[in-house]
Protein chains: 2
Amino acid sequence: MEAATQAERLADSIADSVLSGDFPPGFHLDETALAERFGVSRTPVREAIRLLASTGLIDVKPRRGASVATATSAQLETLFGAMAEIEATCARLAAMSMTPIERRRLQARHDAMAAIVLSDERDAYAAANIEFHTQIYLGAHNEIVANFAGSLRRRLAPFRRAQFRTEGRTSRSHVEHGAVVKAIIACDASAAHAAMFQHMSLVEDSFGRLEAARERKSGQGH
Amino acid sequence: MEAATQAERLADSIADSVLSGDFPPGFHLDETALAERFGVSRTPVREAIRLLASTGLIDVKPRRGASVATATSAQLETLFGAMAEIEATCARLAAMSMTPIERRRLQARHDAMAAIVLSDERDAYAAANIEFHTQIYLGAHNEIVANFAGSLRRRLAPFRRAQFRTEGRTSRSHVEHGAVVKAIIACDASAAHAAMFQHMSLVEDSFGRLEAARERKSGQGH
DNA sequence: GATGATTTGTACGTATGTATA
DNA sequence: ATATACATACGTACAAATCAT
């Protein structure tokens, strides 16, 4: 079950470096440098770069190479908007087609997250949060939509790392999750859509405030 | 503004061959053969194949090459389901954010299509239909969602070629479009969503009947 | 089941186009 | 503005794995 080709393994490694913040947005990905760093030739590096470009995590311009995707605030708005729509769609589908077992497991996870909120372990909450949303993706029972949702989440990950640092964000997030869970358990598709849409819109707001408060110098690479 | 790199041009050419039915679903894409056919080396062919694989139009398996994506009926159902959701989302967004000019242009196209229905030119209707839906994608004012919708449409194109051959499908399609246009003009987001969702569900039904009625032998290539 | 043919994956060299001085 | 340097895109060669006999 291991990744089969070198290019795929490389794509994973590079993606990790991006998501962990090791390669910041705007960082230029030099083919030769990456080939050296990972001890392979440039060919699989090129293929890995193309693979990642297809997910939108990095940009490639002909004859000008690849760099970690940077986003203007307008593009970020589009991405967050798309994510809100797709996550809401997943919630709608989940409300319609989750099995009783899946509903129970979702409820159980939500309940478990209450304890994490109280303990104020924000990294743990962030991890559990991903699991929570993933359960809803899977509960939608549509692999295409679920993959797109996952792809959007990965693409936004570099810009969301600090989202739960905002004071009180975890507890508000948990309350919003509660509305989503309630609607899904009740098989109320349109309520699930609305609740998730609002949740994701508030995530965007929370990010927006963070964004406005900082002026990190970007474009370290190149 | 021309396509910059050979790989991109090749990807377009290959995609055309797939969408036109020249390369049918299941057809095996031999790297060397394609390189010869287009008079280039294998390297850009490989890149073009990876490009198309990222859209889902073709499948690549490590060490086993690429072939035009074939789909089981279960996968087709998933694809059609995803398309219905995303198109409905586009309609919802369009109802909320189309400019007055875009609304007028949409209405104009819809009106123009009435004449095509009467003349019974099904190829012309199919072309106008794509334009109609594209206008709604663009009217959603969210490039990410619009691109995904377009990608799904291209991916399903090989399986939809004959959709308007069903007797009376064009006129029913036009009526359904009417409901979508009316809702969008009225800025009624949830009505637009519902109307488009129903339209796309009926498209799927129409395809399903066609599919059931034929037993083409597939897998010509290899 | 083993062997040979074909094809993919990888490595490396070369040339063109971009960016710098 | 011209020229130089450098990274990317493409071509070619080899190795490894699949398939066909």
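Q: Two strands pair if DSSP finds at least two bridges between them; what makes strand β2 (residues 58–61) of chain B and β3(B) a pair?
A: In this predicted model, β2(B) and β3(B) are joined in the antiparallel sense over four bridges, and the cut-off of at least two bridges is therefore satisfied. One of the partnerships is that of Ile58(B), whose bridge partner in β3(B) is Val68(B).

Q: On what conventions do the names and values rest?
A: Residues are numbered from 1 along each chain as its sequence is written, while chains are lettered from A and ligands numbered from 1 in the order in which they are written. Because the model is predicted, local features need pLDDT of at least 70 and side-chain atom pairs count only at pLDDT 80 or more, whereas totals for chains, interfaces and linings use all residues.

Q: How do you know that strand β1 (residues 28–29) of chain B also pairs with strand β3 (residues 65–68) of chain B?
A: These strands share two bridges in the antiparallel sense, which is what the threshold of at least two requires. His28(B) has Ser67(B) as its bridge partner in β3(B).

Q: What is counted when chain A is said to hold helices and strands?
A: The elements are DSSP runs numbered from the N terminus: helices are H or I over at least four residues, strands E over at least two. Chain A has nine helices and three strands, and its pattern along the sequence is α-β-α-α-β-β-α-α-α-α-α-α.

Q: What makes β1 and β2 of chain A the edge strands?
A: The three strands of chain A form an open sheet in the order β1-β3-β2, with antiparallel pairing. β1 (28–29) and β2 (58–61) of chain A each pair on one side only. Helix α3 (residues 42–55) of chain A packs on this sheet and touches β1, β2 and β3 of chain A. The direction of this helix makes about 115° with that of β2(A), where the axes are lines fitted to C-alpha atoms (for helices over the stretch in contact) and the angle between N-to-C directions may run from 0 to 180 degrees.

Q: How do you know that β2(A) pairs with strand β3 (residues 65–68) of chain A?
A: Four antiparallel bridges link β2(A) and β3(A). Asp59(A) stands opposite Ser67(A) in β3(A), and Val60(A) has Ala66(A) as its bridge partner there. The hairpin of β2(A) and β3(A) has three residues between the strands, and in this hairpin Arg63(A) takes a positive phi near 65°.

Q: Why is Phe80(B) called buried?
A: A residue is buried if 20 or more other C-beta atoms, placed from the backbone, lie within 10 Å of its own, exposed if 12 or fewer, and partly exposed in between. Phe80(B) has 22 C-beta neighbours inside 10 Å and therefore counts as buried. This residue is found in helix α4 (residues 73–97) of chain B. In chain A, buried residues make up 34% of the 222 residues.

Q: How do you know that the radius of gyration of chain A agrees with that of a compact globule?
A: The radius is taken over C-alpha atoms, and the rule is 2.2 Å times the number of residues to the power 0.38. For 222 residues the rule gives a value near 17 Å; chain A has 19 Å, which agrees. The C-alpha trace of chain A spans about 55 × 40 × 30 Å along its principal axes.

Q: Why are the two copies said to be related as by a two-fold rotation axis?
A: Superposition is by least squares on the C-alpha atoms of residues with pLDDT of at least 70 in both copies. A rotation of 180° with 0.0 Å of shift along its axis brings chain A onto chain B, with an RMSD of 0.2 Å. The two copies are thus related as by a two-fold rotation axis. The C-alpha atom of Ser54(A) lies 3.0 Å from the rotation axis, the closest approach among the residues of chain A.

Q: What makes up the contact between chains A and B?
A: Two residues are in contact if their C-beta atoms, placed from the backbone, lie within 7 Å. The interface takes 18 residues from chain A and 18 residues from chain B. On the side of chain A, α3, α4 (73–97) and α7 (143–160) each give two or more residues, and α4(A) gives the most, with six residues.

Q: How do you know where confidence in chain A is low?
A: pLDDT is the predictor's confidence in each residue, from 0 to 100. The value stays under 50 over residues 215–222 of chain A. Where pLDDT is low, the predicted coordinates should not be read in detail. For chain A the mean pLDDT is 90, and 93% of its residues reach 70 or more. Among its elements, helix α9 (residues 189–212) has the lowest mean, 87, and helix α5 (residues 100–119) the highest, 97.
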